[in-house]
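Q: I'd like a close look at one part of this model, with the rest brought in only where it helps. Could you walk me through it?

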Amino acid sequence: MSSSKDSIEHVDDIAVAPTVSPGDKAFDPEGSSIAELGVNPLRRSFLKLYGCLFVAYLCSATNGFDANTFGGLSAIDTFVSYFGITPDNQGLVAALYVIGNVAGCLFAGPCADKYGRRFGMAFGSVVCIVGAVMQATAHNLSTLMGGRFILGLGAVLVQTAGPAYVVEMAYPKYRGVLTGAFQSCFFLGTIVSTWLEYGLNFIPGTPQWTWRLPLAIQALPSVLVLMFVWFIPETPRWYIGQGQVEKAKEILIEFHGDGDLNSPVVALEMEEMLEVISKDGADKRWWDFRELFNSRSARYRTFLIACIAFFGTWDLPPTSYYFPLMAKTAGITSERTQLLLNALQTPIMMAAALTGLRWQDRLGRRKLLIASSTGMSLSVAVITACTAQQAGRPVVGGVGIAFVYVFLVVFAFAWTPAQSLYPTEVLAFNTRAKGLAFMNLLVNVASVFNTYVPPVAIARASWRFYIFYILWDALGALVIYLTFVETKGRNLEEIDHIFEAKNPKKASLEAVKQTKKQRRA
């Protein structure tokens, strides 16, 4: 590695990578300022790192299970009649998971800050297991509702600690892929739950165990997290925040330096972490959320995560509203076939999300999100037109079904990885856990709207209500273009410097241009 950070140039008062010389192993030619040249992604230390990260990925799968489980069970007559679920109370039963999420947001961040990311994942998993057991063994509606609330409480704990762990442990060069994979693993839960319910649909008479089993399976990822979380290290950034510098260095040497005590990557990472991470920051004060709003750069970061929350949630009403209507219009009347169409969503979206991971680093976050939001708006326009014209026209209904899948692919390709990647990148270490908890709160607020408003609006305005989503997705593309900072090729500490610039978006784009010039030099 060339001498040190003394050679770093500045653009708009932000640090950008120095010119890369052929013999300089500390800098990645694609723009990462601290990734080694020619690093083998399959070397032994990285395989160990991937195993650690997968434990955190299971936190995302926890949320994926509930996304489909309860909705599918609500269509099973024996489940509905056993608990006495009616149109009057069904909304409250479903909403209790979200209410639990909201309640958990109050202490999810402080829990991961004070006791560590591992503790947040472990404690949240215990809470999720308690909630899943209550649901699976419930003999009355009150116990079922209590289980859903507790499950939601635990889910937000792991959803806050999990992505923070991943982004802080990820090797800088592969941060986009490794952190984006967190949200992609959401589909591990949805795939298991949707296909399990589809398979159990073949059991004659739908005995109790056919709907208790899916409720119990919701605990599976939490059980796995609880089993393996004790075998993974805490993040080096958390250790530095606690003043345990040597412990942080040991972890970086083992997982980023491949055991090399003199690794230039580890040396630069340590230098930048020590410069940026405060030992007495707001993460040490559980009650202090002021640093999300008390400066211009803090408000800018909070605005960006709010955009991710609302533009990533109000993209389209839940697709379960589309399939029954369009499938019947297209001549598909079999409930089993409709269940199959619903189950196909999740593997298709997971394939799209995993495909899009690598492009997060190749094209950058901004370009992908702008293109995705534009494609989503166009897809919803086609869906809207088909919904308006499908009466008595099965072919039009079939086109509508096809474009629901097109929408899901376009969304999952860019937005699914970005929902875990971008917020963890733009939030500073001292506010990362609390910022993620706050974003989860905003996501739940947006989800309440997107779950309960569309049925009423569609009943009154029919297909015209979908115009809202066309305009909202288009607005999302415009807001991203005008305000989003490009984080591609920067380590977390360099991103902190970007937000100190007068115009963070402009500064980030200038840094990207500067890096391209350096690569060509």
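Which kind of link do the side chains of Glu168 and Arg432 meet in?

A: Keep in mind that this is a predicted model. The side chains of Glu168 and Arg432 meet in a salt bridge, with 3.0 Å from N to O. Glu168 sits in helix α5 (residues 141-169) and Arg432 in helix α18 (residues 429-461), so the pair ties together parts that are 264 residues apart in sequence. Neither end is out on the surface: both Glu168 and Arg432 are buried.

Glu168 has another partner to look at. Its side chain also meets that of Arg117 in a salt bridge, this time at 2.7 Å, N to O. Arg117 belongs to helix α4 and Glu168 to helix α5, so this pair ties together parts that are 51 residues apart in sequence. Here again, Arg117 and Glu168 are both buried.

Now swing the view over to Arg117 itself. With a relative accessible area of 0%, Arg117 falls under the 20% limit and therefore counts as buried. Its side chain also makes a polar contact with the side chain of Asp113, at 3.0 Å. Put the pieces together and you get a network of salt bridges that links Asp113, Arg117, Glu168 and Arg432.

What else is packed around Arg117? Once you set aside its neighbours within four places in sequence, Arg117 is in contact with Ala112, Ala161, Ala164, Tyr165, Glu168, Glu234, Thr235, Trp238, Phe429, Arg432 and Ala433. So you'll find both Glu168 and Arg432 from the network on that contact list, because each has heavy atoms within 4.5 Å of Arg117.

If you follow helix α4 along, you run into another feature. Helix α4 spans 117-136, and α3 spans 87-115; each supplies at least two residues of a nonpolar patch. The patch covers about 500 Å² of surface and is made by Leu106, Phe107, Tyr115, Phe119 and Phe123. Of the contributors, α3 gives the most, with three residues. Phe119 is found in helix α4, as is Arg117, yet their surroundings don't match. Phe119 has a relative accessible area of 35%, so it is classed as partly exposed, while Arg117 is at 0% and buried.

For the wider setting, the structure holds nine salt bridges. Besides the ones in the network, have a look at Glu425 and Arg365, which form a salt bridge with the closest N and O atoms 2.5 Å apart. That pair also links distant parts of the chain: Glu425 is in helix α17 (residues 394-426) and Arg365 in helix α16 (residues 365-389), 60 residues apart. Glu425 and Arg365 are buried too.

Don't go looking for disulfides, though: the structure holds zero of them. Cysteines tucked inside include Cys105, which counts as buried at 6% relative accessibility, and Cys185, buried with a relative accessible area of 9%.

One last stop is Gly189, in helix α7 (residues 186-200). Its relative accessible area is 0%, so it is buried. Apart from neighbours within four places in sequence, Gly189 is in contact with Ala61, Gly64 and Phe65. Pro221 is 32 residues away from Gly189 in sequence, with 8.2 Å between their C-alpha atoms.

Definitions and conventions
Residues are numbered from 1 along each chain as its sequence is written. This is a predicted model: local features need pLDDT of at least 70, side-chain atom pairs count only at pLDDT 80 or more; totals for chains, interfaces and linings use all residues. Side-chain values use heavy atoms; hydrogens and water are left out. Patches are made of residues with over 30% relative accessible area and no salt bridge: like charges are joined within 9 Å, nonpolar side chains (Val, Leu, Ile, Met, Phe, Trp, Tyr) within 5 Å. Accessible areas come from the Shrake-Rupley method with a 1.4 Å probe; for residues, only the protein chains shown count as cover. A salt bridge is a side-chain nitrogen of Lys or Arg within 4 Å of a carboxyl oxygen of Asp or Glu. Helices (H or I, at least four residues) and strands (E, at least two) are DSSP runs, numbered from the N terminus. Buried means under 20% relative accessible area, exposed over 50%, partly exposed in between (1.4 Å probe, protein chains only). A disulfide is a pair of cysteine sulfur atoms within 2.5 Å. A polar contact is a pair of N or O atoms within 3.5 Å; within protein, one must be able to donate a hydrogen and the other to accept it, and residues adjacent in sequence count only if both atoms are side-chain atoms.
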